[in-house]
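Let's take a walk through this fold together, one part after another. Have the sequence and the 3D view ready.

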Amino acid sequence: MKARRLRPVDRQPWKRKPLEDFPLGPFMSVRDEAEGLGRDDHHGERPLVHDGLRTWTARAAELYDRAFPGDGGSPLVPIETPWVYRTNLRAPDHRGAVRYEIKAWGRQMASPDGRYRELRLPVIRPGRQRTDAERAVAALVAAEGTPGPLPERVRVVQICLTDGQVGEPLFEGGRDAARELFAEHGQQTLEDVVDRFVYRPGSACVSCAYAALCPGLPRAPGLLGVDDRRHARRSWSPTNGRTYRICPARDFIRRIKLPAEWGIEHSAAADRGRAVHDYLARRHATPAPQCCTADIPSDWADGTYPLPEDELTLGRRLLGHHSSICPLRRARVGSLQVEPSLTFYDEDANVIVITRPDLLYQDGGSWVWREVKTRTKRRTGRLLDENPQLALAVLMIGGNLLGGSRERSRVELELLYPDGADLEIIDPFTPSVMAAARAVVTEHVNPWHADTRALPHPGDACATCEVARWCTARTPAEGTA
C-alpha cells in the first residue's frame, strides 16, 4: 500500500510520541547537525529523548567520529539531498505505475568532485548480517541515485554504533558492477515485496499508518481493561509488563533494543532455560510430531548455547520429566502451533497486544494454551500473580479471541523440576479466575499506560540489569566507585 502511495483516512487525531522510540533517530540528527545539513525543521515537535537513549547516542556519535575521522588526504563531504534511484516508463506497466523510486537510508558521502561515493549504513547491534538483496539495493542507489554527478566508484559499508566496528565493504566497485548485482539479487526481491499481499500483524502495527483499517489485525477492545486513547499507539506484552514493574527505564531501553550486557542476559541458568524451550520447540515443530520420550540425547542443547556440564546435565533431567505430561500423549491433539505470535489491537487503550504462547494446540475443537517453566526448586504462590502471561491467556481464551469450542478450552502451566513435573490446569471460564486474571493484567498495564517518561527506579535490581550501562541513574554495584 505504501509503495503504491495509498494513503489511509484516519479519523483519529495525530498523536505525538512522548518519547523517541527510533533509536537511530537522535544519532542521525546529531550527525546532520555536525555536518551542517539542517534537515530537521521540527525541533519543537520532536519527542523527548530518554536518558538511556541519550547516553547511547553520545557514545555512538563518539565511535562514529573515531571510525571516520574525516582528516584523510581525500576527505569526503556529506550529501545535502539524499540519493534516489528513479525509473520512468513510457506507459503504465501491469501495476499501473509509470514511475519507480528506490532510496537507501544511511550516511551518504561523496568526494568533492563527485567521482566517488560512500554509503554508510549504521546499525546498533554487532553482527548484523545483510542479505544479498539489501547489498544490491544499497549499491544501486549509491551508484545510480540522483541528484549529483554519477560516480565512477562506490563503496557501501556498515558501522556498528555500539562497538565502532566497520565491517568489510558490503559492496565496492563501479556502476556497472552495481547494476549487475541489483539485476541478480535485488530486482526480483523488490518486485516480490511490491506484489506480495500478506498481512503479518505484530510489533510493526504500532507505527503502521494503515492499522486502523487493516483487515489482518484482530480487534480486542477492552482486553487490557483500559479506556484511554490519549496516547500514541504502543505495544504491550507480558514480558514488558514484568520488566516495567522492576524498572520503567529498563523496559523502555529493552523495547528500543539497545544492546544488553551479554554476561547478564546470557547467564548459565537463563541460557539453560532457553535451551530447554528450544529443544521442546524442535521436538513439537516436526512435520509429524510424536510424543516426547525420557530418552534425551547428550547433544540436546544443539550447540546453540555453550552451557557448562552441570547445566547440560540439569537440562536433560528437566526434559526427561516433560515426557510424562507431553501434550502429544493425548490422541485428540490437533492444530499444534509452536510459539505462535498472537497480536490483537485493543482499540479502547490504543495498544497492540502481543504474546507468544510456548504451545497452542487443540483438544478436539477446543484451544489449549500451554506455558512451560523450568524451576530448580518448588515455589508456592498464586499462579496468575507470578505469571502475567497466564492471566492474559485467561482473558484471551475466556473472551473467545481464539475461537473454537469452549468445552475443553483451558490454560496449562507445565512446571519442570529436577525431581519431577507438575501440570497446573486453569479454567478460563470460571468467574473468579477471570476476575483474578483481570486484576493481574490491570495491575501490570495501568501504571505503564499512564506513564509517558519511563523514569528509572534505581536500586538493587541495577546489579542484574542487562541495560544498566545506558542509564545514568543506575545504582553502582557494591564495591565499585
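Two strands pair if DSSP finds at least two bridges between them. The elements named here are DSSP runs numbered from the N terminus, with helices being H or I of at least four residues and strands being E of at least two. Please keep in mind that this is a predicted model, in which local features need pLDDT of at least 70 and side-chain atom pairs count only at pLDDT 80 or more, while totals for chains, interfaces and linings use all residues. Residues are numbered from 1 along each chain as its sequence is written, and side-chain values use heavy atoms, with hydrogens and water left out.

With that in hand, look at strand S13 (residues 366-374) and strand S14 (residues 410-417): they run parallel and are joined by seven bridges. One residue to pick out is Thr-374, whose bridge partner in S14 is Leu-416. Both strands belong to an open sheet of five, ordered S9-S12-S13-S14-S15, in which the pairing is mixed. Because strand S9 (333-338) and strand S15 (420-426) stand at the edges with a single partner strand each, one side of each is left without a neighbour in the sheet. From one strand to the next, the twist averages 20°. Angles here run from 0 to 180 degrees between N-to-C directions, and axes are lines fitted to C-alpha atoms, for helices over the stretch in contact.

Which helix lies across S13, S14 and S15? That is helix H9 (residues 309-322), running at about 140° to S14. Just past the edge strand S9, you can find Glu-339 in the loop between S9 and strand S10 (342-346). Although Glu-339 is not a glycine, it has a positive phi of about 45°.

Now turn to another open sheet, where five strands follow the order S1-S4-S5-S6-S7, again with mixed pairing. Strand S1 (77-78) and strand S7 (171-173) are at the edges and have a single partner strand each, so one side of each is left without a neighbour in the sheet. Within this sheet, strand S5 (residues 116-123) and strand S6 (residues 153-160) run parallel, joined by eight bridges. Pro-122 has Ile-159 as its bridge partner in S6. In the loop between H3 and S6 sits Pro-147, and the peptide bond leading to Pro-147 from Thr-146 is cis, with omega near 10°.

That loop brings us to helix packing. The axes of helix H3 (residues 132-144) and helix H4 (residues 175-195) come within 7 Å and cross at roughly 135°. H3 and H4 are therefore oblique to each other; angles under 35 degrees count as roughly parallel, over 145 as roughly antiparallel, 65 to 115 as roughly perpendicular and the rest as oblique. Contact means heavy atoms within 4.5 Å, and among the H3 residues that meet H4 are Ala-136, Leu-140 and Ala-143, while the H4 side includes Leu-181, Phe-182 and His-185. The residues of this H3 and H4 contact divide into ten nonpolar, three polar and five charged. Here Ala, Val, Leu, Ile, Met, Phe, Trp, Tyr, Cys and Pro count as nonpolar, Asp, Glu, Lys and Arg as charged, and the others, Gly among them, as polar.

Finally, which rings form an edge-to-face pair with their centres 5.6 Å apart? The structure holds four aromatic pairs. One of them joins Phe-27 and Tyr-64, with planes at 65°, so the pair is edge-to-face. Rings of Phe, Tyr and Trp (its six-membered ring) pair if their centres lie within 6.5 Å; planes under 30 degrees apart count as stacked, over 60 as edge-to-face and the rest as tilted. Phe-27 lies in helix H1 (residues 24-34) and Tyr-64 in helix H2 (residues 51-67), so the pair ties together parts that are 37 residues apart in sequence.
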